[in-house]
Amino acid sequence: MTKKEYKEYYESKAFKEQYVYDGTDLGAVCDGDCTYFRLWSPLAEAVTLNLYKDGETEEVTAVSMEKAEKGTWTYTLEQDGHAVYYDYTIEMDGKSWKTADPYAKACACNGNRSMAVDLKRTNPDGWELDCAPAEKPEQVVYEIHVKDFSNDPASGVPDAYRGKYKAFTLEGTTLNGDGIHPTCLDYLKQLGVTHVQLLPVYDYGSVDEAGDDSQFNWGYDPQNYNVPEGSYSTDPFHGEVRIRELKELIMTMHQHGIGVIMDVVYNHTYSMDSCLTKTVPYYFYRQFADGSTTNGSACGNDMASDREMCAKYIFDSVLYWTEEYHMDGFRFDLMGLLDVELMNRIRKALDEKYGKGKILMYGEPWRAAESPLREGYHPALKENANLLDENIGMFCDNTRDAVKGHVFEEKEPGFVNGGTGFEKKMLQAAKGWMGVDKYFPVQSPKPLITYVSAHDNLTLWDKLKITMKPEASFLSREEDIVKANKMAAAICFTCPGRLFFQAGEESARTKLGDENSYISSPEINQIDWERVYEYQDIAEYYRGLIAFRQQMPGLTDKTAKVSERVLDETVISDHVVQFSVDNHEHTRWELLTVCYNASKKAVVPKLSDGTWECLIDGDSSFRWQKPQAAENAEIKPGTVSVFGRIKK
Ligand code: CA
């Protein structure tokens, strides 16, 4: 068949009727004395199951699989198959080739051979009691790469665990082991974030798991969607170890009140030479009408989420990570390549199983290029926000770019770093963008992920440095950049939406201007724990903002009522805006007035009648702990202040 013929066949009614399989038993299922294998490969003429005693040896026991319903192939191994390694030989059109199992739940080093696993045997002690942390009024997500977190020797993490899942399980680590300055887990707890979002922890292809520690990749190159990445485990050769160690990470986070969100990349694979292609040629990849492959991901291929069995694959995968690993949420990479219909279906299934909106779902509502979907399907882009369930969040690039300047125009500033004409946008951000942007039709702040920096593009510090002090070193402390950093944070933390920031944004993280560090050195990427304490004042400012936000009902409201709650939006002058937030549910401060002063002069706030206290200013985000009367208050240049009106 030509590529065009494949497309037409896969999208035909006949194919759907004959081959769409809805069973839940794809892959290898260990059930005590028997192990059941089932592979979906409808065009195969024969399939052989190859069994191995470990991940490396070539000595094989090959058995023929039986053709079963809906294009599946089955085999029952009458033994406990835990830790039996396997792959398949597919025969088609007079040729044959080997493939790993797309539904593998465990694998050998580097993922080309699958492993049957009795998942119960991968559970750490106490796993049965593991549950999601209690929900807080606000979700504050900290985006971190497993290796970045602890690769720096100054992290105080023992060498064997540096850069690994295990580093997340350690309590009591301190800066160079000084016993004073908390790092890693203890640092996160102190900061007050509610979730960590891990950059890809599914198995990806770009790092040799048997290679040395000088390798680095962000991991946006999926290989085995349902297996943890091996290079973060202490032993990538035994398939059960990485599973147990990722579960330990999650359990420890939960024990310390922090949820875990997984970055999932269902929009493309490492290459098309994947186990998906090898089991069903071209099926899992989107094609143009002429049969050629779409490339909306700019990574060479797009997954065809709008084909039934591909949608099932993604759906099953999300449900699997939630159930088996107790994941608390998912961040969908290039969500704009997936379809609204599938996203809503996943949302509904998670809601039914875990409670409405309990498992977080959000993603990037964009794509790199056109990727036409089948008729009746809609891409999960910003412009389709009104079609998506309101509990599917979207990164809000409107706020991001207005605060610090355009993400792709390095030298272009935003509101906090000298840009002009951003006053109106700041006030729209304060109102959650409702009703102002026809290309972003949000009905409430629920879908908003409010942020200024993520792993992509320049770090906040680097962006501010380039726009404000191009002549300075990335490494030197510049007080006006520190101020702008605090201001950017204070704006986010007083705007509606869920909060998100890149690890180290709170401590002047620099990648020395490297705006796409996906394959740069570990040293460029890792958290520099000494720098964290050089810029402790910024982290302290974030800590206060987080703690303040958690207590203010006016700021955490996610309902459409926010459009009435946010009042009296005023442009005071160029670079200066002010608004108020109805906070009547709070016991002390019934109204908050927020002023963003990005000008070079001090400004006097316009406070309504009543008694006011200063809760946050440019120097401290903890004023609310010992509030002072706001008489004669002024807002210093380049700072944010929040005032609270005392209830009568
Ligand atoms: Ca890997």
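Tutor: Before we look at the sheet, keep in mind that two strands count as paired if DSSP finds at least two bridges between them, and that the model we are reading is a predicted one.

Student: In what order do the four strands of the open sheet stand, and is the pairing parallel or antiparallel?

Tutor: Strands of a sheet pair through backbone hydrogen bonds, and this can happen in either a parallel or an antiparallel way. In this open sheet the four strands follow the order β1-β2-β6-β5, and their pairing is antiparallel.

Student: Which strands stand at the edges of that sheet?

Tutor: A strand at the edge has a single partner strand, so one of its sides is left without a neighbour in the sheet. The strands in that position are β1 (27-31) and β5 (66-67).

Student: How many bridges join β1 to β2, and which residue of β2 stands opposite D31?

Tutor: Strand β2 covers residues 34-40 and runs antiparallel to β1, and five bridges join the two. Opposite D31, in β2, stands C34.

Student: Why does C30 form no disulfide with C34?

Tutor: A disulfide is a covalent bond between the sulfur atoms of two cysteines. The cut-off used here asks for cysteine sulfur atoms within 2.5 Å. For C30, which counts as buried at 14% relative accessibility, the closest cysteine sulfur is the one in C34, and it is too far for a bond, at 10 Å.

Student: How many disulfides does a search of the whole structure find, and how far is the sulfur of C396 from the closest cysteine sulfur?

Tutor: The search of the whole structure finds zero disulfides. C396 counts as buried, with a relative accessibility of 1%. Its closest cysteine sulfur belongs to C495 and is too far for a bond, the distance being 8.7 Å.

Student: Which residues coordinate the calcium ion?

Tutor: The donors follow the spacing D-Y-x4-E-x19-E along the chain, and they sit at 2.2 to 2.4 Å from the ion. Y204 takes part through its O atom, whereas the other donors are labelled OD or OE, and the full list is D203, Y204, E209 and E229.

Student: Are E209 and E229 buried or exposed?

Tutor: Buried means under 20% relative accessible area. E209 has a relative accessibility of 7%, while E229 has a relative accessible area of 0%. Because both values fall under that cut-off, E209 and E229 are buried.

Student: With which side chain does the side chain of H256 make a polar contact?

Tutor: H256 is placed in the loop between α5 and β14 (259-264), and at 18% relative accessibility it counts as buried. Leaving aside neighbours within four places in sequence, H256 is in contact with E171, L185 and K189. The polar contact, at 3.0 Å, is with the side chain of K189.

Student: How far apart are the C-alpha atoms of L460 and D186?

Tutor: L460 lies in helix α11, which spans residues 460-468, and it counts as buried at 1% relative accessibility. Beyond four places in sequence, the residues it touches include K404, V452 and Y542. L460 and D186 are 274 residues apart along the chain, and their C-alpha atoms are separated by 24 Å.

Student: Which helix gives the most to the largest nonpolar core?

Tutor: This core has 179 residues, and among those with the most contacts inside it are W40, Y142 and F332. With 11 residues, the helix that gives the most to this core is α7 (residues 308-325).

Technical notes: Residues numbered from 1 in each chain as written. Predicted model: local features only at pLDDT ≥ 70, side-chain atom pairs only at ≥ 80, totals over all residues. Heavy atoms only, no water. Donors = N, O, S within 2.8 Å, 3.2 Å for Na, K, Ca; no water. Buried < 20%, exposed > 50% of the residue type's maximum accessible area, 1.4 Å probe, protein only. Contact = heavy atoms within 4.5 Å. Polar contact = N/O pair within 3.5 Å; in protein donor to acceptor, adjacent residues only side chain to side chain. Core = buried A, V, L, I, M, F, W, Y, C linked by side-chain atoms within 4.5 Å.
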